[in-house]
Amino acid sequence: MVSQTQDRRALGLSGLRERGFGPVQAVGGLLAMSADAVKFLFRGPFQGREFLEQSWFVARVSLMPTVLVAIPFTVLVSFTLNILLRELGAADLSGAGAAFGAVTQVGPMVTVLIVAGAGATAMCADLGSRTIREEIDAMEVLGINPVQRLVTPRMLASALVAMLLNSLVVIIGILGGYAFSVFVQGVNPGAFAAGITLLTGVPEVIISCVKAALFGLIAGMVACYRGLTISGGGAKAVGNAVNETVVYAFMSLFVVNVVVTAIGIQMTSN
């Protein structure tokens with residue numbers, strides 16, 4: 001019991017509840033909790049059942065929004081790109097542009113929107129409700145570390161689902177780009193198919209998957225930390241925490257997207 005309390009104070013969870021959020025304390029607490037969550041990946045027992053349940057939970061709340069957001073993004077990118085290529089006399093390269101855009105930008109960007117806007121908020125609301133019902137305190141009384149029991153499997157589940165969602169968006173992007181380009185804008189089907197691998201290869205796909213996994217990992221950490229540090233106030237506090245989760249996750253994920261994209265361009269250009 002004493003060690004669990006000390007661990008939690010080291011994470012900054014109890015202190016933030018008592019004193020309220022400050023930017024430095026919040027960032028420090030998030031980093032400390034994230035380090036412990038990663039540490040528990042290599043310490044047993046791993047919560048496999050919780051991981052599977054959370055993977056299904058995040059996938060269930062994120063799947064339909066992903067499809068609904070991916071289709072308009074695909075149409076917009078394909079329409080704009082094909083107009084530009086047609087003006088340049090290179091309409092046959094629309095397949096290369098659609099694949100490159102879907103893999104490097106559309107897939108990760110849609111993943112950012114959905115993981116932060118749907119998956120992370122649902123996760124934060126779940127943990128926030130448990131916190132105000134004092135279930136987290138009850139777990140600590142029983143000697144169960146909430147980071148090992150709740151945060152680590154949710155972090156991995158969010159990363160896995162984000163990577164799968166990214167793959168789904170890429171597939172929708174290429175198929176949607178093909179349908180829109182061929183049937184609406186009159187692009188040659190063979191030329192579109194031949195251009196898919198012109199600019200996009202295995203390195204771009206790997207970088208896209210890494211970006212999506214990082215997005216899910218960070219969004220899961222932010223959601224778990226904000227859900228576990230609700231200081232009181234009932235349902236209103238949970239609602240505020242959910243809103244803050246969206247803002248914090250968007251800010252961090254867009255920064256990570258810029259950094260990883262820049263690193264990926266440097267790696268693939270050499």
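Is V112 buried or exposed? With a relative accessibility of 0%, V112 counts as buried, where buried means under 20% relative accessible area, exposed means over 50%, and partly exposed covers what lies in between, using a 1.4 Å probe and protein chains only. The model is predicted, and for that reason local features need pLDDT of at least 70 and side-chain atom pairs count only at pLDDT 80 or more, while totals for chains, interfaces and linings use all residues. Residues are numbered from 1 along each chain as its sequence is written, and side-chain values use heavy atoms, with hydrogens and water left out.

The protein chain holds 11 helices and 0 strands, both taken as DSSP runs numbered from the N terminus, with helices being H or I of at least four residues and strands being E of at least two. Read along the sequence, the pattern is accordingly α-α-α-α-α-α-α-α-α-α-α. The protein chain has 270 residues, of which 46% count as buried.

V112, the residue of the opening question, has its place in helix 5. In space V112 lies 6.5 Å from L253, C-alpha to C-alpha, although 141 residues separate the two in sequence. L113 also lies in helix 5, but with a relative accessible area of 29% L113 is partly exposed. The C-alpha atoms of L113 and F215 are separated by 9.9 Å, with the two positions 102 residues apart along the chain. A further pair that is distant in sequence involves Y225, which is placed in helix 10 and is buried, with a relative accessible area of 4%. Y225 and L31 are 194 residues apart in sequence and 9.6 Å apart in space, again C-alpha to C-alpha.

The interior can be followed through the largest nonpolar core, which has 45 residues; such a core is a set of buried Ala, Val, Leu, Ile, Met, Phe, Trp, Tyr and Cys residues joined through side-chain atoms within 4.5 Å. The residues with the most contacts inside this core are M33, V147, V151, C224, L228 and L253. At least two residues of the core are supplied by each of helix 3 (23–39), helix 4 (48–87), helix 5, helix 6 (135–141), helix 7, helix 10 (202–228) and helix 11. Helix 5 gives the largest share, 11 residues.

Two packed helices are described by the angle between their axes and the distance between the axes. For helix 5 (residues 94–132) and helix 7, the axes come within 7 Å and cross at roughly 145 degrees; axes here are lines fitted to C-alpha atoms, for helices over the stretch in contact, and angles run from 0 to 180 degrees between N-to-C directions. The contact of helix 5 with helix 7 has 16 nonpolar, 7 polar and 3 charged residues, where Ala, Val, Leu, Ile, Met, Phe, Trp, Tyr, Cys and Pro count as nonpolar, Asp, Glu, Lys and Arg as charged, and the others, Gly among them, as polar.

Beyond the end of helix 5, E134 is found in the loop between helix 5 and helix 6. Most residues other than glycine have a negative phi. E134, however, has a positive phi of about 65 degrees although it is not a glycine, and at 53% relative accessibility E134 counts as exposed.

A search of the whole structure finds 3 aromatic pairs; rings of Phe, Tyr and Trp (its six-membered ring) pair if their centres lie within 6.5 Å, and planes under 30 degrees apart count as stacked, over 60 as edge-to-face and the rest as tilted. Y178 and F192 form an edge-to-face pair, at 5.4 Å centre to centre and with 75 degrees between the planes. Because Y178 lies in helix 7 (residues 146–183) and F192 in helix 8 (residues 189–194), this pair ties together parts that are 14 residues apart in sequence. Y178 is partly exposed at 30% relative accessibility, whereas F192 is buried at 1%. The pair of F250 and F254 is tilted, since the ring centres are 6.1 Å apart and the planes stand at 35 degrees. F250 and F254 are 4 residues apart in helix 11 (residues 235–269), and are therefore separated by about one helical turn. F250 is partly exposed, with a relative accessible area of 23%, and F254 likewise counts as partly exposed, at 33%. Ring pairs also link Y178, F183 and F192 into a cluster.
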